[in-house]
Amino acid sequence: MPSTTAKEIRRRVAERAYSGRYAPIFGTATGGAVGSVIDSAYAIPGATADHYDFRIIKIATDAGGAGAAPEGEVRYISEGGYTASTGAFAVSANFTAAVA
């Protein structure tokens with residue numbers, strides 16, 4: 001019988017709890033810095049800079065899987081903080097460490 005991880009359960013609960021305009025974003029960062037997250041899968045040609053205004057980004061796990069910062073940190077996407085050509089999101093407050 002297949003098992004469901006705690007991470008998958010949290011993802012499903014968040015999708016249902018925040019469905020609609022402010023639905024959470026799930027993906028894998030392909031780059032970033034302390035003030036931004038890049039997920040190239042979210043590069044959407046023709047989307048506007050306000051497409052993801054005020055949505056929530058949570059760093060679920062750090063790149064090394066060691067529980068280091070910014071794992072577990074949550075930020076809002078800044079107003080007009082989306083770059084459609086690259087899938088970059090500017091956040092409202094810096095993470096404590098760069099997103100990789």
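This passage walks through a pocket, a nonpolar core and two buried charged residues in a predicted model.

The pocket comes first. The largest one has a volume of about 900 Å³, and its lining runs to 31 residues. Lying nearest the pocket centre are Ile-25, Gly-27, Lys-58, Ile-59 and Ala-60. As for chemistry, the lining is made up of 20 nonpolar, four polar and seven charged residues. Two elements, helix 1 (6-17) and strand 3 (56-58), each put at least two residues into that lining. Helix 1 gives the largest share, with five residues.

Next, the core. The largest nonpolar core holds 14 residues, and Tyr-52, Ile-57, Phe-89 and Phe-95 have the most contacts inside it. Strand 4 and strand 5 (88-91) are the elements that contribute two or more residues to this core. Phe-89 gives a good view of the surroundings: setting aside residues up to four places away in sequence, it touches Tyr-52 and Ile-57, both also listed with Phe-89 among the core residues with the most contacts. The other residues that Phe-89 touches are Ile-25, Gly-35, Ser-36, Val-37, Tyr-42, Ile-77, Gly-81 and Tyr-82. One of these, Ile-25, turns up again among the residues nearest the centre of the largest pocket.

Then there is Arg-75, which sits in strand 4 (residues 74-83). Despite its charge, Arg-75 counts as buried, because its relative accessibility of 17% falls under the 20% cut-off. Its side chain makes a polar contact with the side chain of Glu-73 at 3.2 Å. A polar atom of the Arg-75 side chain also lies 3.0 Å from the backbone oxygen of Asn-94. Beyond its neighbours within four places in sequence, Arg-75 is in contact with Arg-55, Ile-56 and Ile-57, along with Val-91, Ala-93, Asn-94, Phe-95 and Thr-96. Ile-57 and Phe-95 in that list are core residues too.

The other buried charge is Asp-62, found in the loop between strand 3 and strand 4. With 11% relative accessibility, Asp-62 is buried because that value is under 20%. Two backbone nitrogens come up to polar atoms of the Asp-62 side chain: that of Ala-66 at 2.9 Å and that of Ala-68 at 3.3 Å. Leaving out residues up to four places away in sequence, Asp-62 touches Gly-67, Ala-68 and Glu-71. Thr-4, by contrast, is 58 residues from Asp-62 in sequence, and the two C-alpha atoms are 21 Å apart in space.

Note on methods: Residues are numbered from 1 along each chain as its sequence is written. This is a predicted model: local features need pLDDT of at least 70, side-chain atom pairs count only at pLDDT 80 or more; totals for chains, interfaces and linings use all residues. Side-chain values use heavy atoms; hydrogens and water are left out. On a 1 Å grid over the protein atoms alone, a cavity is a set of points where a 1.4 Å probe fits but cannot get out, and a pocket is an open set with protein on both sides within 12 Å along at least five of seven lines; lining residues have an atom within 4 Å of a point. Grid points are joined across faces, edges and corners, and a volume is the space filled by probe spheres set on the points. Helices (H or I, at least four residues) and strands (E, at least two) are DSSP runs, numbered from the N terminus. Buried means under 20% relative accessible area, exposed over 50%, partly exposed in between (1.4 Å probe, protein chains only). A polar contact is a pair of N or O atoms within 3.5 Å; within protein, one must be able to donate a hydrogen and the other to accept it, and residues adjacent in sequence count only if both atoms are side-chain atoms. Contact means heavy atoms within 4.5 Å. A nonpolar core is a set of buried Ala, Val, Leu, Ile, Met, Phe, Trp, Tyr and Cys residues joined through side-chain atoms within 4.5 Å.
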